[in-house]
Amino acid sequence: MELKIYNSLAKVFSHGSLPNAAECMRLSALMDETVSFQAAYMRSEGDLCEWAMLRIKTSSKMSVSASRVRCIPGYLPAHFKTDGGYLETEGGLYPDLLEPFEVQAEKDGYRIPLTPGSWQSCWIDICAGHEAKAGTHSITVSIENLAGETLAHAEVSLEVIAQELPPLDIFHTRWFHTDCLAEYYDIEVFSERHWEVVENFAAFAVKHGINTLLTPIHTPPLDTEVGGERLTVQLIDVSMVDSESLNAKYIFNFDKLERWVNMCKKVGVEHYEMAHLFTQWGAKHAPKIMGTKNNEYIRLFGWESDATGKEYANYLKQMLPALTAKLEELGIADKTIFHVSDEPEMKHMEAYKAAQSLVKPLLEGYKIVDALTNYNLYKQCAVSVPVPAVDHIEPFLRGDVPEGMWCYFCCAQSYKVPNHFFMQPSYRSRILGVLLYKFDIKGFLHWGYNFYNSMQSVYPINPFYVTDADGAFPSGDAFVVYPGKEGLPLASLRLKVIRDAFDDYRALRLLENQRGRDAVLDMIEDGLQKPLTFSCFPQHDEYILNLRQRVNTALNVM
């Protein structure tokens, strides 16, 4: 029986060699911070699978949770450019899903199958709450047969530091697709059951460091085939009167939006991003907006509606003032951002500028935040907060962005920059926190918290089997959570690593408050042959793990 302990950045495959990484025997964390490691185990002899018990014990009172790391099908379509920093570029099974154990026999025991000749791994989260004392604590991981005999045993030490991470002071959003939850679980949109599931997934997002939630004031015009439509998820109820006139009047009901905001406050969401006001990739059309006209519930706007046509302009001039008044009433106006259109290019400049000019006077005092990659487009359109892709960020870093910028990555950022595809090593995700800190980035956006559709949302998929939007994107791009039983989300290995990246950012901010920014920047650059950038960072686990350890050590002596 073999048992090996690895850090949270390792990826343990069922077959083949173990990760090229040293075993992890020492951990450190701040008070109330979750720290993770992995236990890899294999029964090297025997012909049949046998049952055993995995036990995890701590020397003091701590929160302990464990999951099985499951391998999931992963693919990298051939048209995406890769570099030498991938684990694999071929299709296969990749460790990603963190699945709860089916049987937990007692508080510290989990029944596990021991398959001869096949490595399996367990993901272990430890959180030293306020009841735990500062200092070094031991964690024991053991595997026993059902008779109680120890087959393998390992000990890990956890140093708990008597400081707490500060709240995250930047935006972190991963677009929340409420329609995908309704379709996967086959439940009616905004039925009581749908609200329950939405709340489960929103709370899980907050638990893992996501503090900003995409809010569907209308069905978000994202990843939708031209002429097609996604399942309606619209929080604002609309009634149209004087329907024969180009100057139609509208009545708005915000009851669902108010319930959404109350749910968000309950689970800890801090910021709200309103669904884009115009279609993706060009801002040419209005989003799908449903409403009542002549006592019939119909589509009032959609692909047939010009973005800046008189009818939609008239609608926006009534809806946005009513919406912003409601945001003020709900006490979240200063926590709300708006989007015009996602990923416009230079060829869309005139359309984007016209759309922006229409809504900007109606959104005075609000930030308009849009993902775009061309610096000239940003300058000419005067977007208040640009969100460049990480492989197009350099001109923005050199230029003048007075209100600060965000950044993002998605399927196209496959070469030399951070991302979180199945087939990439985890350090390419975790380095993000350090980069956000070094370059003083004000927010991070990713498009897929739970996108369970094919490309352009032509049809839904099963994310346990189809992880690439049915051949469109590298596996891992479209979602970081899986839909579990009874409407409960399941984490991916990648989500946990992303959480750690943002905890790194928070730890760097904490150290800055105590020692100054220059000292922290010196620590980040110490020992590097070249300055750290979004396209130049150490291609191994040790840098980020050692940096975080040095940060924790410095905090421990304050």
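## A covered strand, two pockets and two loop threonines

Both faces of strand 8 are covered: Gln120, Cys122, Ile124 and Ile126 are buried on one side, and Ser121, Trp123, Asp125 and Cys127 are buried on the other. Put as a count, 8 of the 8 residues in this strand, which spans residues 120-127, are buried. Please keep in mind as you browse that this is a predicted model.

Where does strand 8 sit in its sheet? The sheet is open and has 5 strands in the order 1-3-8-5-6, with antiparallel pairing, so strand 8 lies between strand 3 and strand 5. The edges belong to strand 1 (2-7) and strand 6 (92-100), each of which pairs on one side only. On average, neighbouring strands here are turned by 30 degrees against each other, direction ignored.

Let us walk through the pairings. Strand 3 (residues 34-42) runs antiparallel to strand 8 and is joined to it by 8 bridges; Ser36, for example, has Asp125 of strand 8 as its bridge partner. Strand 5 is also antiparallel to strand 8, with 6 bridges between them, and here Ser65 stands opposite Asp125. Asp125 is thus a handy landmark: Ser36 is its bridge partner, and Ser65 stands opposite. Moving outwards, strand 5 (residues 63-74) is linked to strand 6 by 8 bridges, again antiparallel, and Pro73 is partnered by Leu93 of strand 6.

Now for the open spaces. The two pockets are set side by side here.

| Pocket | Volume | Lining residues | Make-up of the lining |
|---|---|---|---|
| Largest | about 1000 Å³ | 38 residues | 19 nonpolar, 9 polar, 10 charged |
| Second largest | about 550 Å³ | 26 residues | 8 nonpolar, 8 polar, 10 charged |

To find the largest pocket in your viewer, look for Thr34, Val206, Lys207, His208 and Arg499, the lining residues that lie nearest its centre. Strands 5, 6 and 8 each give two or more residues to this lining, as do helix 2 (192-207), strand 24 (489-491) and helix 9 (493-515). Helix 9 has the largest share, with 5 residues.

For the second largest pocket, the lining residues nearest the centre are Asn7, Cys24, Arg26, Leu27 and Leu545. Strand 2 (26-31), strand 3, helix 9 and helix 11 (542-556) each supply at least two lining residues. Helix 11 gives the most, namely 6 residues.

Finally, two threonines in loops are worth a visit. Is Thr279 buried or exposed? Thr279 has a relative accessible area of 4%, so it counts as buried. Its loop runs between strand 15 (271-274) and strand 16 (289-293). Neighbours within four places in sequence aside, Thr279 is in contact with Pro221, Lys284, His285, Ala286, Pro287, Trp303 and Ser341.

Thr373 lies in the loop between strand 19 (367-371) and helix 6 (375-381). Thr373 counts as partly exposed because its relative accessibility is 27%, and the partly exposed class runs between 20% and 50%. Beyond residues up to four places away in sequence, Thr373 touches Ala389, His392, Phe396 and Tyr408. Cys407 is 34 residues from Thr373 along the chain, and their C-alpha atoms are separated by 9.5 Å.

Methods:
Residues are numbered from 1 along each chain as its sequence is written. This is a predicted model: local features need pLDDT of at least 70, side-chain atom pairs count only at pLDDT 80 or more; totals for chains, interfaces and linings use all residues. Side-chain values use heavy atoms; hydrogens and water are left out. Two strands pair if DSSP finds at least two bridges between them. Helices (H or I, at least four residues) and strands (E, at least two) are DSSP runs, numbered from the N terminus. Axes are lines fitted to C-alpha atoms, for helices over the stretch in contact, and angles run from 0 to 180 degrees between N-to-C directions. Buried means under 20% relative accessible area, exposed over 50%, partly exposed in between (1.4 Å probe, protein chains only). Contact means heavy atoms within 4.5 Å. On a 1 Å grid over the protein atoms alone, a cavity is a set of points where a 1.4 Å probe fits but cannot get out, and a pocket is an open set with protein on both sides within 12 Å along at least five of seven lines; lining residues have an atom within 4 Å of a point. Grid points are joined across faces, edges and corners, and a volume is the space filled by probe spheres set on the points. Ala, Val, Leu, Ile, Met, Phe, Trp, Tyr, Cys and Pro count as nonpolar, Asp, Glu, Lys and Arg as charged, and the others, Gly among them, as polar.
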